Amino acid sequence: MDPDIEELFAPIAPAAAFGVVLTEAQDVLTQLHEPVDAELWGSDTLGALTRSAGEDEIAGGLVPAAEDEATPGALALLRVLSCLGSAELRKTAAAAAERLSASGVVDPSWATGLGAPAPGACWRYEDAHGQQESLTATFAYGAAEHAMSVLIDHTNGGRIRDAWVRDAAGLLDKTWLAAENDPDVAFQKVGAAEAAGILRRAVDAGEAPRKPDETDDVRAHRALIRSRLSLLEGAGPRALPA
């Protein structure tokens, strides 16, 4: 997003930032078409806001402000918050969203199924010395599939060093071919349960970005990582693609 979402929200006191968030939600969320784009915006926003406000403060301040505004952008924001963040934030946002919807405010086109894409293929690769590991898990909203990748630094306690989301089309084959041509990389397809275990250990270990862009990436994807981890942990054993 331009200007950077963190520059918009982080330097402002929480109460003032909530007004900026509502304006951005009206300008951005109402123009989106894909649910994952709404989730990415929401995760980025939460990452910026939580630098100066706890999620309880967001639930107690931003959610009521959105409900009071009662616009399509406000409802879109509440739908996003209902699938990201703490359990209390999700619960509070979901209840407010239902009240707004019942009052006649129109939901965004991407609201149906938001936060519940179907888990798909997962894989991991690591360097020959086991110092860094990359885990990728794919998820699909209908035919639209995206991939979330997390870089894990085993030289620093198995913490998350970087994270990113991209289009999943052809990514598994590209990654496998790249690994096949690199003798210093070990590649392996894994099931959802194993991917969940790897990601859970990394999330529990914490975050350890080394560069400014990695810091931005990890913060922006933090809420989405936890949301997708919950999906993987609920997926159970899953057959690998042939």
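How much accessible surface does the protein chain have, and what share of it belongs to carbon and sulfur atoms? It comes to about 11100 Å², with 50% belonging to carbon and sulfur atoms; the areas come from the Shrake-Rupley method with a 1.4 Å probe, and for residues only the protein chains shown count as cover.

A quick word on the ground rules: this is a predicted model, where local features need pLDDT of at least 70 and side-chain atom pairs count only at pLDDT 80 or more, while totals for chains, interfaces and linings use all residues. Residues are numbered from 1 along each chain as its sequence is written, and side-chain values use heavy atoms, leaving out hydrogens and water.

On to the fold. The chain has 9 helices and 5 strands, taken as DSSP runs numbered from the N terminus (helices H or I, at least four residues; strands E, at least two). From the N terminus on, the order is α-α-α-α-α-α-β-β-β-β-α-β-α-α. Along its principal axes, the C-alpha trace spans about 55 × 35 × 30 Å. Of the 242 residues, 46% are buried, meaning under 20% relative accessible area (exposed is over 50%, partly exposed in between; 1.4 Å probe, protein chains only).

Now the cysteines. Searching the whole structure turns up 0 disulfides, a disulfide being a pair of cysteine sulfur atoms within 2.5 Å. Here is how two cysteines look:

| Cysteine | Nearest cysteine sulfur | Distance | Relative accessible area |
|---|---|---|---|
| Cys-83 | Cys-122 | 19 Å | 12%, buried |
| Cys-122 | Cys-83 | 19 Å | 2%, buried |
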